[in-house]
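Thanks for coming. I have one structure today, and I will go from the whole chain down to single residues.

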Amino acid sequence: MYPVKNLDDLAIFGGSPAFTEQLHVGRPNIGNRQKFEVRVAEILDLKWLTNEGRFVKEFEQQIAKFVNVKHCIATCNATIALQIAIRALGLTGEVVLPSFTFIATAHALEWQGITPVFCDIAPETYLLDPSQVEALLTPQTSGIIGVPIWGRACDYEALGRIARDRQLKLLFDSAHALGCSYQGRMIGGFGDAEVFSFHATKFINSFEGGAVVTNDDELALKMRLMRNFGFTYYDQTDSVGTNGKMSEVSAAMGLTNLECIDEFISINYRHYKQYEKELAGLAGVRIIPYDEGEKCNYQYVVLEIDPGTIGLTRDVLMKALHVENVLVRRYFYPGCHRMEPYHSSFPDLVLPETERVAERVLCLPTGTGVTAEQITVICKLIGSVVQNGVEVSRRVGAELALASGS
Ligand code: T4K
């Protein structure tokens, strides 16, 4: 059936959806169930469910070893890990970060009463642009947060130089970047600290979960205490803390999934190459490339479209795919600076590159939740819509006008 011969065969024009079940971005990878169940049985037998249990300790050791850092502090999610790191680093006043990130990066600052100062991304990398960071620094700036979006490495040298010269703290929200490297060095060891996410939608999940990693002994101790209400001993706290602990069952899931990390990455890589190959030659469309000379988890396959070339917006393409049951996601539209509460705080802020990219990208289904055959159908669907971009746009526009009575 695909590519469609007649546009009426597309679900957006009344045809049957290509898939009867929904295909998601972020379907969880699940490792060996039996091994997970053995671990859960042990947790139940031990009656040790949380608070520095053996599985959390083992998970922390494995992550620290994997990314080659001294300390890993596992948490209940990455948002809390960011809040703990931000507080432990003593960030105050203003912190510069990219607007093109998941909202949690900005919220973690705002939660601590710090003003997020949104910087544009570089046109070549779609990552925090170091050449624009300096202009945003003020006497109130206490730090910079870089975000290796989709697992693509930041400009660690340039950001490190700025942080050193201006005596600023440097934190990385590396929620997407476990298993990725920069110049052969694993992401996790850059800046003062880095944060990973093990949310269900990440390629290694612990149901919910996160971690801060660092080589700084003092900072690690501070964050470890903060994670557990600040307790230094029974009935004794020396400073403020929160409850950021990872549970044992989460750590058991994390450990089980870590055992399959190579398998998950190779599936992700195969899917990425398949999308790249099957969409090659389609004018106005590309898969955002990864540096294959580096380690990468390939957990996000990101389509970028050029609306000018194909005569169709990303949002019409997204709608066309959604009704086919392909639930592509526009991570990270519209950019944090255009979301509340930030938009009201900075109503006139324009970040041209962030806004341009946020209007053009779509994350496609990948991971263990999707098969090669399904990817072929998705690519053919994309081809059918994109090759008929002008006509699809015209018909969608006409139907919308009809529906609104104009
Ligand atoms: N920094 C960055 C750069 C991040 O991207 C994130 C999180 C964070 C920090 C914070 O990390 P955590 O505090 O979450 O550890 C999702 C995730 O919730 C979020 O973790 C992730 N980034 C973000 C990029 O994506 P949503 O709201 O788009 O997720 P949701 O619930 O719509 O899930 C996506 C799809 O996955 C669903 O359509 C269905 C599928 N799914 C999801 C879950 C939870 C499943 O099939 N099974 C599941 O259990 O934010």
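What follows is a walk through a predicted model, starting with overall numbers.

The chain has 406 residues, and 54% of them count as buried. Secondary structure comes to 15 helices and 16 strands. On overall dimensions, the C-alpha trace spans about 70 × 55 × 45 Å along its principal axes. A compact globule with 406 residues would have a radius of gyration near 22 Å, and the chain has 22 Å, so the two agree.

Next, contacts and surface. If you take the contacts between residues at least 6 apart in sequence, 70% of them join residues at least 24 apart. The accessible surface is about 18,000 Å², with 52% of that belonging to carbon and sulfur atoms. As for charge, there are 37 positive and 48 negative side chains. The centres of those two sets lie 3 Å apart.

Now two helices, beginning with α4, residues 103-111. Its buried residues are Ile 103, Ala 104, Thr 105, Ala 106, Ala 108 and Leu 109. What do the buried residues of α4 pack against? Their partners are the helices α3 and α12 and the strands β3, β4, β5 and β6. In sequence, β3 covers 94-98 and β4 covers 115-119. Just after α4 comes Gly 113, with a positive phi of about 75°.

The other helix is α6, residues 156-165. Here Tyr 156, Ala 158, Leu 159, Gly 160, Ile 162 and Ala 163 are buried. The cover over these buried residues includes α5 at 130-133, β5 at 141-146, β6 at 169-173 and β7 at 181-182. So β5 and β6 turn up in the packing of α4 and also in the cover of α6, by reason of contact, meaning heavy atoms within 4.5 Å. Arg 164 is in α6 too, but this residue is exposed, with a relative accessible area of 59%. The C-alpha atom of Arg 164 is separated by 23 Å from that of Arg 152, twelve residues away along the chain. After α6 comes Gln 167, whose phi is positive, near 50°.

For a pair that is far apart in sequence, take Ile 80 in helix α3, which runs over residues 78-88. Ile 80 is buried, at 17% relative accessible area. Its C-alpha atom and that of Val 212 are 132 residues apart along the chain and separated by 9.6 Å.

On to cysteines. How many disulfides does the count come to? Zero. The cut-off needed here is 2.5 Å between two cysteine sulfur atoms. For Cys 260, the closest cysteine sulfur is in Cys 180, 18 Å away, which is too far for a bond. For Cys 379, the closest is in Cys 363, at 15 Å, again too far for a bond. Are Cys 260 and Cys 379 buried or exposed? Cys 260 is buried, with a relative accessible area of 13%, and Cys 379 is buried at 4%.

Last, the backbone. As background, most residues other than glycine have a negative phi, and most peptide bonds are trans. Against that, here are some exceptions.

Where are the cis peptide bonds I want to show? One joins Tyr 331 and Phe 332, with omega about 10°. Another runs from Glu 340 to Pro 341, with omega near 10°. Phe 332 is placed in the loop between β15, residues 326-327, and α12, residues 342-345. Pro 341 is also in the loop between β15 and α12.

Then the positive phi values in loops. Asn 51 is not a glycine, yet has a positive phi of about 65°. The loop that holds Asn 51 lies between α1, residues 33-46, and α2, residues 54-67. At 32% relative accessibility, Asn 51 counts as partly exposed. Gln 183 is likewise not a glycine, and its phi is positive, about 50°. Gln 183 is found between β7 and β8, the latter at 185-186. With a relative accessible area of 57%, Gln 183 is exposed.

To close, three items to keep in view on the model: the buried residues of α4 and what they pack against, the count of zero disulfides, and the loop between β15 and α12 that holds Phe 332 and Pro 341.

Technical notes:
Residues are numbered from 1 along each chain as its sequence is written. This is a predicted model: local features need pLDDT of at least 70, side-chain atom pairs count only at pLDDT 80 or more; totals for chains, interfaces and linings use all residues. Side-chain values use heavy atoms; hydrogens and water are left out. Helices (H or I, at least four residues) and strands (E, at least two) are DSSP runs, numbered from the N terminus. The radius of gyration is taken over C-alpha atoms; the globule rule is 2.2 Å times the number of residues to the power 0.38. Buried means under 20% relative accessible area, exposed over 50%, partly exposed in between (1.4 Å probe, protein chains only). Accessible areas come from the Shrake-Rupley method with a 1.4 Å probe; for residues, only the protein chains shown count as cover. Lys and Arg count as positive and Asp and Glu as negative; His and the chain ends are not counted. The place of a charge is taken as NZ of Lys, CZ of Arg, CG of Asp or CD of Glu.
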